[in-house]
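The following exercises introduce a structure through its chains, domains and helices. Each task is followed by a solution in steps.

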Amino acid sequence: MTSGAELGERLRAGDLSVAPAVLNLVENRRKRDEVAALLSAVAPAALGGEARAHIVGVTGPPGAGKSTLLSELVRAWREGGRSVAVLAVDPSSRRSGGALLGDRARISFDPNDEAVFIRSTAAGGRLGGLAPATRAAAHALAAAFDIVVIETVGVGQSETEVAEVADTVAVIVQPGSGDVLQFLKSGIMEIPDVLVVTKADLGEIALRARRDLSAAMRSLGERTKVVAVSSIAPVSGIDELVAALDEHRSGLDLAARRTAARRASALADFAAEHGERGIRALGGRRAAVDFLATQDPGLDVPTLAAALEGQRG
Amino acid sequence: MSEHRLPERDRPWMMRTYAGHSTAKASNELYRSNLAKGQTGLSVAFDLPTQTGYDPDHELARGEVGKVGVPVAHKGDMHALMDGIPLDEMNTSMTINATAAWLLALYIGTAEENGVEESKLQGTTQNDIIKEFLARGTYAFPPGPSMRLIADMVAYTVERVPKWNPINICSYHLQEAGATPVQEIAFAMANAMAVLDAVRERVDQDLMGKVFGRISFFVNAGVRFVEEHAKLRAMSVLWEELGRERYGVEDPKHLRFRYGVQVNSLGLTESQPENNVQRIVLEALAVSMGRNARARAIQLPAWNEALGLPRPWDQQWSLRIQQVLAYETDLLEYPDIFEGSKVMDGLVAELLEGARAEMAVVAEHGGAVKAVDYMKAALVDSHRERLRRIEHGEQIVVGLNKYTDSEPSPLLQGADGGILTVDPEVEAQQREAVEQWRASRDQAAVDTALEELARVAQSDENIMPATIAAAKAGATTGEWAQTLRDAFGEFRAPTGVGEAAADPSSDDELAPVRDEVERVSEQLGRTLKILVGKPGLDGHSNGAEQIAVRARDAGMDVVYDGIRLTPAQIAASALQEGVHVVGLSILSGSHRELIPGVIEALKERGVDVPVVVGGIIPEADVEPLKAAGVAAVYTPKDFDITKIMRDVVTLVAERNGVATAA
């Protein structure tokens, strides 16, 4: 297997073909050191700034049409000449420990196009949350791809983890399904940068849903844009969505958002390793966050996690 | 005149054989010889490219041309297929769904060019798209436009081709996908309601009686033949009820439940295949015993369907079963023999109660179109339960899980291994033929016709006139379908596996496999990951689905890639997903072309993982597949899926240098 440092170097050089090997490495529980080497090789210090990609979180309830929407988004991004990596996180996790990753079957892609990479991952018992490997993969692939998508199934507040990693979070809701009401009630309202109402072909219902949501969003502030799309023919709204995502990204303090993402990942990794007891040893979650805030903003996740380890001592 | 005899013997049902292979010309010869043997109607089997709207020279058609049916790429093929058969007298059933409007248009065009008016034509287009999403997989367009095509055909034929059955609501394939009798009834009725609701929007209300009367069913019958007969009686009760109450139909002629049948293939075994003959006979009884719910048309599978494609002699044997039943026995001399039977009435009441409850659930989901995900997951679950019962010996299958000692079967001793093999040269010939066809036609006329088709597709007009015009102009199947794909979009149906519940009762047996998966995963550093998918156009996915669900229950991460995959797609998925093993399922007989293609594509991408294959693979093909690099081959006689899982873990362990458990 290629070493972590070498994979990082090839990502820095824009080599998209190493994506499968990168994922095989970050998912490998026995190669933590290699993963650290990889992440260090794509840290801001090594890149001379933040990674180029736009990291987009796409989330929403089951059946809202995320996969068909992603098919269309991938197509639109490719037409615009941008490379795309999709990390599809599947919530299905059984007491068997196994998972059925069926999403890929619903995303159409050209198998000979090396600039599209799709990887499915099991959430692994963390309902709605992100596997540590997914965070690491997003950080790493961001060095080479133009767009990195993290797709998760939204089940409510647990989706905040996506917001911690992504530059831009798009939440998908389906009108007429009760989603909208659920959505208005749930804490997920805090997260979206772009709100997508799918199945615009449902006509009046979709338009009404869009109006309701816009009104609700306005009451929370101006920051969320609402876009109606239809990803089944006649396809509509995709270009508008792409523009809305780009617009959000261009208005972003990227360095601040990425620094926050790395710190959140480090804390999540630490918590996954040491549990609540470990957090208490740091003096509690707030103290840990305060401590991370004192660290160099360019530090990569394993380095930050190691710093937390040091504090724990 | 006594009440227990009919004044005169009933006329037999229509006898058909589901047939077609290689080329239109070869199939035409087969049809003529079948008719000479006493068959009374035609049942056309189309190959998978024709069913899914691809020409023989399309990438996805590779390995599939002329395999499970006849390729019909344009009106020239339809002329050859029907050559010498009087279309004004023949009753032709076409197993065609996504592309039904197109094949009907070719049939109409061919008839008219032979001087037969469309109003004279009799027959059936299967045209049931919901069951394609649920069970059979030969869909082409998304649900909405697909339902519109069906409604257009109904609206067109009810006025212009009045003796045509524009749609056969299929419960057949639901049973093949594992449906219980209750599910078969309920989902078929729900499906019919979805179609009728769609048509109601496109025809005059006073035509609804006629429309209702033209809807026929295509059902299945399993070997539990008493209950299966009750199922048909229950369906006729529900159908009449539906007509009266939901659609205001009053004419008793229109309210009659009319159905054709092909009996069960799922229960046919590869081991001791001669036993299939008695299964087929009993299943034929299920649909013919009681006069009040007797089939209008019957076609029987052949004894060797679990082995490969049937030869003409095998099909003749099945036709002879029908003829013995109809002409030698006294079956047709009596009124309904179950009238007043407590057992039959009780069974019917039981099924009606279950079916009504299930129909209510589908209605709660918003009807059949919206409930596709629900129904699909329910079928996957039922099928898993069926397999579990067979694995545990709770359901006896003679020759498979009981009484397995057998003398060698002389039926399999011939040089052909007891099956039909399609000449691989056929595909190359057809590719060339379609190129020649395109070169020799009036291209301007075709372009104009296809432009008009594209315009109509985007409008609210009926699709049939433009489709018939394109057929007559010489357009190809692939061109027609591509024009509509451009207008309607492509579609990937739900797989049903994500939602399938874990099977708690199999836990004990799976536990050791799960431990082994965990142990090997720990050594590998990440969870053992398997890719499951179906190369080619064959959409019969229930085998692949069962493997995927069981692999998950055994603790593996399963990438289920679905159906209709090219070798390049499978290889790209395997690479990107970082799987440790690839599992392919294939039932259409195209394994000899497609599997080596997948292995080649994996090599090209540098993916060095073992490939296992399952499906209807004749014994003679096993060694060549292994020589091409396949690690293991599983056929219908390998019914113990847990054992397959054990094999897979061991295989992955060996390939990765992980010591296997003692």
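**Exercise 1. A bridge between chains**

In β12(B), which residue is the bridge partner of A99(A)?

Solution. The model examined here is a predicted one. Begin with the strands: β3 of chain A covers residues 99-101, and this strand pairs with β12(B) in the parallel sense over three bridges. Next, locate A99(A); its bridge partner in β12(B) is D557(B).

**Exercise 2. The side of chain B that touches chain A**

Describe the contact between the two chains, beginning with the number of residues and ending with their classes.

Solution. First, take the totals: chain B contributes 36 residues to the contact and chain A contributes 31 residues. Secondly, assign the residues of chain B to elements. Those giving two or more residues are α19 (477-488), α20 (507-524), α21 (542-553), β12 (557-565) and α22 (567-577) of chain B. Of the side of chain B that touches chain A, the largest share comes from α22(B), with seven residues. Finally, sort this side by class: 15 residues are nonpolar, eleven are polar and ten are charged.

**Exercise 3. Two domains of chain A**

Identify the domains of chain A and characterise the contact between them.

Solution. Chain A is divided into domain 1, residues 51-252, and domain 2, residues 256-312. Eight residues of domain 1 of chain A are in contact with eight residues of domain 2 of chain A. On the domain 1 side, α6 (132-141) and α7 (160-165) of chain A each supply at least two residues. The most comes from α6(A), which gives four residues to that side. By class, the domain 1 side has four nonpolar residues, one polar residue and three charged residues.

**Exercise 4. The course of helix α11(A)**

Compare the span of α11(A) with that of a straight helix, then locate its kink and describe its surroundings.

Solution. Step one concerns length. Helix α11 of chain A comprises residues 254-281; a straight helix of 28 residues would span 40 Å at 1.5 Å a residue, but α11(A) spans only 32 Å between its end C-alpha atoms. Step two concerns direction: α11(A) has a kink of about 115 degrees, centred on H274(A). Step three concerns burial. Among the buried residues of α11(A) are R258(A), T259(A), L267(A), D269(A) and F270(A). The cover over the buried residues of α11(A) includes α6, α7, α12 (285-293) and α13 (301-312) of chain A. The last step looks just after α11(A), where G283(A) takes a positive phi of about 90 degrees.

How values were computed. Residues numbered from 1 in each chain as written. Chains lettered and ligands numbered in written order. Predicted model: local features only at pLDDT ≥ 70, side-chain atom pairs only at ≥ 80, totals over all residues. Contact = placed C-beta atoms within 7 Å. Nonpolar A, V, L, I, M, F, W, Y, C, P; charged D, E, K, R; others polar. Pairing = 2+ DSSP bridges. Domains from an automatic or database assignment. Expected span 1.5 Å × (residues − 1). Bend = angle between axes of the 7 residues up to and from the residue. Buried ≥ 20, exposed ≤ 12 C-beta atoms within 10 Å, placed from the backbone.
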